[in-house]
Amino acid sequence: MSTERTDAHANEQHSYQRHLNLERLLTAMRPVTTHPEEHFFLTTHHSLEIWMKQIIFDLHRILDHLDQDEINQANWLLTRLSEILRLAEAHWVVLETMSAADFAEYRSLLTGASGMQSRQFREIEVMLGLCDVAGPEYAARVENMWPGLIAEHPNTRRHAFFAYFKRRDLSLLDVYKNRWQQHDAFLLAEHAFELNRRFHSWRHNHILMVRRQIGIRALGTGGTFFDDYLAKTLRYYFFPELFEFRNDLTADTGGQVKPA
Ligand code: HEM
């Protein structure tokens with residue numbers, strides 16, 4: 001792969017400041033209160049948004065690889081995304097070093113800003129294919145908040161994943177039973193599962209953090225109560241089939257499985 005410099009200063013020595021565009025990055029933070037903990041709150045949000053940008057960037061590449069049957073490359077990037085999500089989840093532990101009492105002192109001044117308005121978060125869900133599995137209510141909510149976002153991603157990673165299995169005429173059960181013969185497909189399924197699991201873990205631990213910071217019955221700054229919104233998001237899986245077919249694996253080897 002040949003690579004070229006693309007910036008306007010291609011013939012000059014580069015500098016760290018310019019390459020990272022630090023002037024813009026480090027002046028992006030705009031606290032809206034005088035509370036010292038708000039700086040930390042914004043740092044956490046900013047770093048997660050930067051990681052979401054990377055996830056979106058790599059999800060584009062993963063789709064191209066899947067569509068071109070480049071499974072090793074797709075697998076490599078999927079592993080990275082799982083690691084990024086592991087790192088993302090660690091942000092909740094760090095955020096818990098802000099005491100609930102400190103947060104309460106400035107939270108009411110945040111006037112309607114909520115993580116649920118993160119376009120990148122929603123885009124990741126859409127790119128992975130959540131609209132295909134979460135039902136029309138979910139898709140309508142996304143379309144209402146971000147008109148055109150769903151249409152930007154007509155081909156989802158979920159779709160590309162199953163299209164690959166179809167092209168090779170493979171069922172999940174076959175791939176797992178013949179995992180050493182179908183190793184690339186087996187790894188793809190495991191990586192997709194892991195990505196889904198980590199995302200779920202992020203959701204779950206965000207909720208635990210929310211419980212600690214504001215309590216389970218408090219109204220979110222986005223205007224929702226836990227039972228009405230966040231609790232329901234725990235039902236969202238991008239690849240429910242990858243969780244579900246494990247019952248078939250159990251049944252296939254004589255284990256007892258309740259009917260669905
Ligand atoms: C003290 C810290 C935080 C609290 C108490 C909190 C609380 C909440 C609450 C209550 C909701 C439900 C919507 C609402 O009514 O607001 C929510 C949604 C959400 N929050 Fe947080 N949050 C915190 C930090 C963060 C951070 C740092 C991020 C990073 C991006 C984030 C990302 C999200 C996302 C993406 C949603 C939507 C989840 C979904 O739709 O599935 N939150 N948050």
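Which polar side-chain atom lies 2.4 Å from an oxygen atom of the ligand? I looked this up first and found that it belongs to Tyr229. I note here that the model is predicted.

**Entry 1. Around the ligand**

I went on with the other polar contacts of the ligand. The backbone of Gly222 places a polar atom 2.9 Å from an oxygen atom of the ligand. In the side chain of His206, an N or O atom is 3.0 Å from a nitrogen atom of the ligand. I then asked which elements give two or more residues to the shell around the ligand. They are α3 (37-67), α4 (71-95), α6 (119-128), α11 and α12 (230-233). Helix α11 gives the largest share, with seven residues.

I counted 28 residues around the ligand. Those that come nearest are Ser114, Arg122, His206, Thr224 and Tyr229. By type, the shell holds 15 nonpolar residues, eleven polar ones and two charged ones.

**Entry 2. The iron atom**

Which residue is the protein donor of the iron atom of the ligand? I found His206, which donates through NE2 at 2.2 Å and is the only protein donor. I placed His206 in helix α11, which covers residues 183-214. That helix is also the one with the largest share of the ligand shell.

**Entry 3. Arg122 and Glu125**

Arg122 is among the residues that come nearest to the ligand, so I followed its side chain next. Arg122 forms a salt bridge with Glu125, and the closest N and O atoms are 2.9 Å apart. Both residues belong to helix α6, and because they are three residues apart there, about one helical turn separates them. Are the two partners buried or exposed? Arg122 is buried, at a relative accessible area of 8%. Glu125 is buried as well, at 0%.

I stayed with Glu125. Its side chain also makes a polar contact of 2.8 Å with the side chain of Arg203. Leaving out residues up to four places away in sequence, I listed what Glu125 touches: Leu130, Tyr138, Phe199, Arg203 and Phe238.

**Entry 4. Other salt bridges**

Side chains of opposite charge can pair when their charged atoms come close. How many salt bridges does the count come to? I have 17 written down.

I looked up the pair Lys177 and Asp252, whose closest N and O atoms are 2.8 Å apart in a salt bridge. Lys177 sits in helix α10 (residues 172-177) and Asp252 in helix α13 (residues 240-252), so this pair ties together parts that are 75 residues apart in sequence. Lys177 is partly exposed, at 45% relative accessible area. Asp252 also counts as partly exposed, at 39% relative accessibility.

Another pair is Arg5 and Asp7, whose side chains meet in a salt bridge with an N to O distance of 2.6 Å. Arg5 has a relative accessible area of 41% and is therefore partly exposed. For Asp7 the value is 26%, which I also entered as partly exposed.

I noted one network too. Salt bridges link Glu89, Glu194, Arg197 and Arg198.

**Entry 5. Helix α9**

Which residues of helix α9 are buried? For this helix, residues 157-167, I wrote down Arg157, Arg158, Ala160, Phe161, Tyr164 and Phe165. Just after α9, I found Asp169 with a positive phi of about 55°.

**Entry 6. The whole chain**

I left the overall picture for the end. The chain has 13 helices and zero strands. Its C-alpha trace spans about 60 × 60 × 35 Å along the principal axes. Of its 260 residues, 37% count as buried.

I also looked at contacts between residues at least 6 apart in sequence. Of these, 74% join residues at least 24 apart. The salt bridge of Lys177 with Asp252 is one I had already entered.

Technical notes
Residues numbered from 1 in each chain as written. Predicted model: local features only at pLDDT ≥ 70, side-chain atom pairs only at ≥ 80, totals over all residues. Heavy atoms only, no water. Donors = N, O, S within 2.8 Å, 3.2 Å for Na, K, Ca; no water. Helix = DSSP H or I, 4+ residues; strand = E, 2+ residues; numbered from the N terminus. Near = heavy atom within 4 Å. Polar contact = N/O pair within 3.5 Å; in protein donor to acceptor, adjacent residues only side chain to side chain. Nonpolar A, V, L, I, M, F, W, Y, C, P; charged D, E, K, R; others polar. Salt bridge = Lys/Arg side-chain N within 4 Å of Asp/Glu carboxyl O. Buried < 20%, exposed > 50% of the residue type's maximum accessible area, 1.4 Å probe, protein only. Contact = heavy atoms within 4.5 Å.
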